[in-house]
Amino acid sequence: MSGKIPRLAIMGHPNAGKSSVVATLTENDLIQIDKRAGTTIESNVYPVIIDGRPVIEFIDTPGFQNPNAILEWFQAQSGKRDLARAFVAAHRTDPLFTHDCELLEPVAEGAAIILVVDGSKRIKEKDRVEIELLRLTARPRMAILNNLTNNTRYMTQWRDALCKAFNSVRDFNAHRATYAERVRLLQALKSIDQRWEPLVEEAIHAFEHDWNRRTDQAVTTILDLLKESLTFKASKTVKESKLVFQSGRDRVKDDVMAAFENGLRQLEVKAQEQIRANFRHHVWHMPPDSILGKDLLSEDVNQALGLSKRQLALVGMAAGAASGATIDISTAGHTFGAGALIGAATGGVLGFVGSKALAKLDIERAPGTQRFTAGPVHNPRFPFVLLDRIVLYSARAMNWSHGRQAAEEDASDKVPDKEIRRAGFTEELPAAQQRDLARFFNAARKGKSEREEECRAIISDILHGLAVSEIDSRADL
């Protein structure tokens with residue numbers, strides 16, 4: 001193998017899904033993917049760059065145009081040592097073979113081969129010709145069965161044909177592949193040629209190190225969101241002359257609470273943008289019924305995510321008793337009771353208050369003015385809901401294939417989505433971790449960092465578990 005990094009030519013006949021495979025393997029959703037056959041007319045190189053240096057290179061090639069003619073030439077020139085190089089040299093100026101030379105050029109230069117085939121379609125004679133001519137190149141080669149449908153009737157035929165000519169054959173759905181599946185595919189590349197092992201291993205190590213770093217960055221983004229949201233306030237100072245009538249006071253209260261709620265929404269949006277960029281997504285489609293597409297403060301989100309009432313009561317008692325906090329809650333300025341509850345009683349009772357009790361509204365009087373302030377959030381359920389939603393968003397960003405932009409989501413024969421239980425992540429944590437989170441939330445409201453490292457470890461374990469598919473990512477929730 002020539003070169004200092006693995007170079008892989010992605011090959012196959014038109015519309016087999018080559019560009020989708022490249023987009024997913026390189027995490028590059030800016031690659032143009034057209035559902036029409038034959039839209040890739042020249043080879044395009046897509047390196048994976050980590051820490052400023054390329055670690056592996058994928059080359060998206062045009063589809064075969066004249067496979068029968070190439071095979072006949074290969075068979076007639078069987079005595080030549082390097083058939084791909086010899087073919088390109090002999091036909092470079094022949095307009096009939098322009099596309100064929102374009103796709104064989106990387107192979108002539110020493111690239112290994114990944115053949116992409118659509119396993120949902122019947123294997124044809126043209127496919128067998130392509131398989132044989134690639135075998136005759138004598139390059140290290142892997143075949144990918146890129147079946148994007150639930151039609152598996154031809155998969156055995158494909159495997160039988162491919163196993164006779166390729167060093168490795170893998171199933172790989174470019175529209176659904178998770179991080180763990182991408183790594184397994186890269187691991188399989190080591191088996192196609194022993195001489196490749198050190199370079200492929202180095203590329204995988206760099207990729208895993210970079211992924212872990214990005215995952216840790218996502219954890220920091222989530223922690224920052226929680227701390228900023230739990231200390232966020234919205235204020236408005238108004239002249240007393242505008243507060244003579246109750247309608248004026250009510251209008252100011254509504255404005256301040258609206259600003260407070262919108263501020264929480266904007267903090268979530270900012271965190272989502274950071275996570276989306278962290279995992280290199282530019283094209284981002286959200287299913288219309290996704291819980292991620294609903295308003296953060298909606299009842300649908302509140303019902304789907306966060307702790308159960310029983311869990312919240314138990315966790316609230318423990319966290320409330322530990323903090324001895326005094327909490328007063330109101331919704332859009334409407335008081336839920338003038339008397340404050342203290343200690344363990346606070347935690348237990350507030351566990352059942354519900355999502356509408358978000359924060360209190362304070363009014364500070366000064367000569368000629370009144371200052372209305374909403375926040376910070378005092379509802380004990382809200383931070384669990386917020387954490388669940390941003391973790392769910394992270395799970396989607398981590399495991400949403402970059403090649404999925406070409407998926408026909410409404411196709412009747414597409415691979416069905418997994419049945420996902422509509423629940424968050426915090427509900428399934430051990431009680432001790434739920435208590436650690438509750439204590440962190442209580443401390444964060446006061447600008448303190450109590451239990452922050454425990455909270456970081458909990459979130460990190462969830463995200464790393466999602467990355468290696470040890471935890472269900474609920475990517476379609």
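1. Surface first. The chain exposes about 21,600 Å², and 49% of that comes from carbon and sulfur atoms. Of the 477 residues in the chain, 53% are buried. Keep in mind that this is a predicted model.

2. On confidence: the chain has a mean pLDDT of 84, with 84% of residues at 70 or more. The stretch to watch is 321-355, where pLDDT is below 50. Beyond near neighbours in sequence, that stretch still has 73 contacts in the model. Where pLDDT is low, predicted coordinates should not be read in detail, so I'd leave the particulars of those contacts alone.

3. Overall make-up: there are 15 helices and 13 strands. Taking contacts between residues at least 6 apart in sequence, 76% join residues at least 24 apart.

4. Now the sheet. Six strands form an open sheet in the order β2-β3-β1-β4-β5-β6, and the pairing is mixed. The edges are β2 (44-50) and β6 (168-171); each has a single partner strand, so one side of each is left without a neighbour in the sheet. On average, neighbouring strands are turned by 25° against each other, direction ignored.

5. A closer look at one pair in that sheet: β4 (residues 112-117) runs parallel to β5 (residues 141-145), with 5 bridges between them. If you want a spot to zoom in on, valine 117 has leucine 145 of β5 as its bridge partner.

6. Which helices lie across these strands? Helix α6 (residues 155-163) lies across β4, β5 and β6, running at about 175° to β5. Helix α8 (residues 197-231) lies across β2 and β3 (53-60), and its angle to β3 is about 105°. Edge strand β6 is thus among the strands under α6 in this list, and edge strand β2 is one of those that α8 lies across.

7. Helix α4 (residues 98-108) deserves its own point. Its buried residues are Asp100, Cys101, Leu103, Leu104, Pro106, Val107 and Ala108. An α-helix has 3.6 residues a turn, so residues three or four places apart point the same way. What do the buried residues of α4 pack against? Their partners are the strands β1 (7-11), β3 and β4, plus the helices α2 (67-76) and α3 (83-91).

8. One backbone detail to check by eye: just after α4, glycine 110 takes a positive phi of about 110°. Strand β4, one of the partners of the buried α4 residues, spans residues 112-117.

Terms used. Residues numbered from 1 in each chain as written. Predicted model: local features only at pLDDT ≥ 70, side-chain atom pairs only at ≥ 80, totals over all residues. Heavy atoms only, no water. Pairing = 2+ DSSP bridges. Helix = DSSP H or I, 4+ residues; strand = E, 2+ residues; numbered from the N terminus. Axes fitted to C-alpha atoms, helices over the stretch in contact; angles between N-to-C directions. Contact = heavy atoms within 4.5 Å. Buried < 20%, exposed > 50% of the residue type's maximum accessible area, 1.4 Å probe, protein only. pLDDT = per-residue confidence, 0-100. Areas by Shrake-Rupley, 256 points an atom, 1.4 Å probe, with all protein chains shown as cover.
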